[in-house]
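Trainee: I am new to this structure and would like a close look at a single part of it. Please take the hairpin and its loop, and set that part in the whole chain.

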Amino acid sequence: MHIFASVTKTTDGRESTWRFCQDGDKYFALRVTPEVKVVACQSVDDLRGLYKKYVTDKRYGFTHVPA
């Protein structure tokens, strides 16, 4: 599995972290905290669009985690 990027935010003292990943020909966003959730994407372009939405849309409010 390859992790392209990670984003995080803290709300009410809880941290939420998403990882944007590729495994073979599958693209997905994976949240491991506070609970496991997976968002499937159709392509790398869809994955990039989801990442962009999470870091640029104020309603989401995530920030990039440096590698």
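Mentor: What follows starts with the whole chain and then turns to the hairpin and to one further loop.

This is a predicted model, in which local features need pLDDT of at least 70 and side-chain atom pairs count only at pLDDT 80 or more, while totals for chains, interfaces and linings use all residues. Residues are numbered from 1 along each chain as its sequence is written, and side-chain values use heavy atoms, with hydrogens and water left out.

The protein chain has five strands and one helix. Helices (H or I, at least four residues) and strands (E, at least two) are DSSP runs, numbered from the N terminus. In order from the N terminus, the elements are β-β-β-β-α-β. The radius of gyration, taken over C-alpha atoms, is 11 Å, close to the 11 Å that the globule rule (2.2 Å times the number of residues to the power 0.38) gives for 67 residues, so the protein chain is as compact as a globular protein of that length. Its C-alpha trace spans about 35 × 20 × 20 Å along the principal axes. Of the 67 residues in the protein chain, 30% are buried; buried means under 20% relative accessible area, exposed over 50%, and partly exposed in between (1.4 Å probe, protein chains only).

Now the hairpin. Strand β3 covers residues 26–33 and strand β4 residues 37–41; the two run antiparallel and are joined by five bridges. Two strands pair if DSSP finds at least two bridges between them. Within this pair, F28 stands opposite A40 in β4. Three residues lie between β3 and β4, and the two strands form a hairpin.

The loop of this hairpin holds P34. The peptide bond leading from T33 to P34 is cis, with omega near 5°.

A second loop also has a backbone feature to look at. D12 lies in the loop between β1 (2–11) and β2 (14–23). Its phi is positive, about 50°, although D12 is not a glycine. Most residues other than glycine have a negative phi, and most peptide bonds are trans. D12 counts as exposed because its relative accessibility is 71%.

To return to the chain as a whole, consider contacts (heavy atoms within 4.5 Å). Among those between residues at least 6 apart in sequence, 27% join residues at least 24 apart.
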